[in-house]
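Biologist: Could you walk me through this one? I'd like to start with how its residues touch each other.

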Amino acid sequence: MRVPHIAIQSTDAYIGIRANRSHPQIKQHNADLQIRQTHTGMIEINTKSAELSIDQTQAFAEANLKTPFRLADEFYQRAQQKAAEHLTKRRQHGDQMMKIENGFGALGRLAKVNSEKPQGQLQTVNMPRSVSSTKIHFEPAQVSFRVPNHQTDIKVNRREPDIHMPKWQTETYVKQKNSISFQAVGAAVDSSL
């Protein structure tokens with residue numbers, strides 16, 4: 001036996017989501033840059049020449065190559081020295097002859113001393129006699145630089161970037177509507193009601 005019953009059939013509703021996510025747009029303009037550098041009178045260079053002086057006066061004098069004034073001056077100095085030595089020697093001889101208490105042999109001793117000549121000595125010397133006889137003075141060259149410090153003038157005008165950020169949009173819609181249906185199964189139903 002079949003019992004009549006009602007069959008119910010339903011479908012769920014579905015919601016659809018449609019999203020529009022566009023990308024941001026960024027545009028950066030070039031900066032306005034102005035650079036000014038002055039280059040007037042850029043570098044000054046001063047040089048002082050090297051100086052070399054060689055004084056060979058002493059070396060020439062040692063080789064007896066002297067100026068007339070120097071020869072006269074040396075002759076005068078030697079003459080004064082010899083005169084002073086001669087006076088001192090004569091005074092000493094007079095003192096010895098005055099002193100009778102020493103005996104009468106003073107005159108013979110003085111004659112013997114005055115008659116002896118000193119022996120000459122032979123020497124080998126270099127001309128000039130020493131390295132220091134020639135005086136060398138050297139001043140090196142000097143170079144000086146003067147570079148004026150001109151500051152660079154830099155002006156930068158900033159330009160802001162253009163940023164376009166579109167809104168994200170989300171739409172919802174009904175993808176499938178819900179439905180319900182009834183059906184009588186196993187019996188005759190009067191559908192005119």
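Modeller: Sure. Contact here means heavy atoms within 4.5 Å. Keep in mind that this is a predicted model.

Biologist: Okay, so among contacts between residues at least 6 apart in sequence, what share joins residues at least 24 apart?

Modeller: Start with the pairs in the protein that are at least 6 apart in sequence and in contact. Then pick out those whose partners sit at least 24 apart, and the share is 93%.

Biologist: Which helices and strands are there, I mean how many of each?

Modeller: Going through the protein, you'd find both kinds of element. The tally is three helices and 12 strands.

Biologist: Is the protein a compact globule or more spread out?

Modeller: For 193 residues, the globule rule gives 16 Å. The radius of gyration is 66 Å, well over that, so the protein is more spread out than a compact globule. Along the principal axes, its C-alpha atoms fill a box of roughly 200 × 55 × 35 Å. So the answer is: more spread out.

Biologist: What percentage of the residues count as buried?

Modeller: Buried means under 20% relative accessible area. Of the 193 residues, the share that counts as buried is 4%.

Biologist: Let's zoom in on Serine 133: is it buried or exposed?

Modeller: Serine 133 lies in the loop between helix 3 (106–115) and strand 7 (135–139). Leaving out residues up to four places away in sequence, it touches Asp55, Gln58, Ala59, Glu62 and Pro128. Its relative accessible area is 2%, and the cut-off is under 20%, so Serine 133 is buried.

Note on methods
Residues are numbered from 1 along each chain as its sequence is written. This is a predicted model: local features need pLDDT of at least 70, side-chain atom pairs count only at pLDDT 80 or more; totals for chains, interfaces and linings use all residues. Side-chain values use heavy atoms; hydrogens and water are left out. Helices (H or I, at least four residues) and strands (E, at least two) are DSSP runs, numbered from the N terminus. The radius of gyration is taken over C-alpha atoms; the globule rule is 2.2 Å times the number of residues to the power 0.38. Buried means under 20% relative accessible area, exposed over 50%, partly exposed in between (1.4 Å probe, protein chains only).
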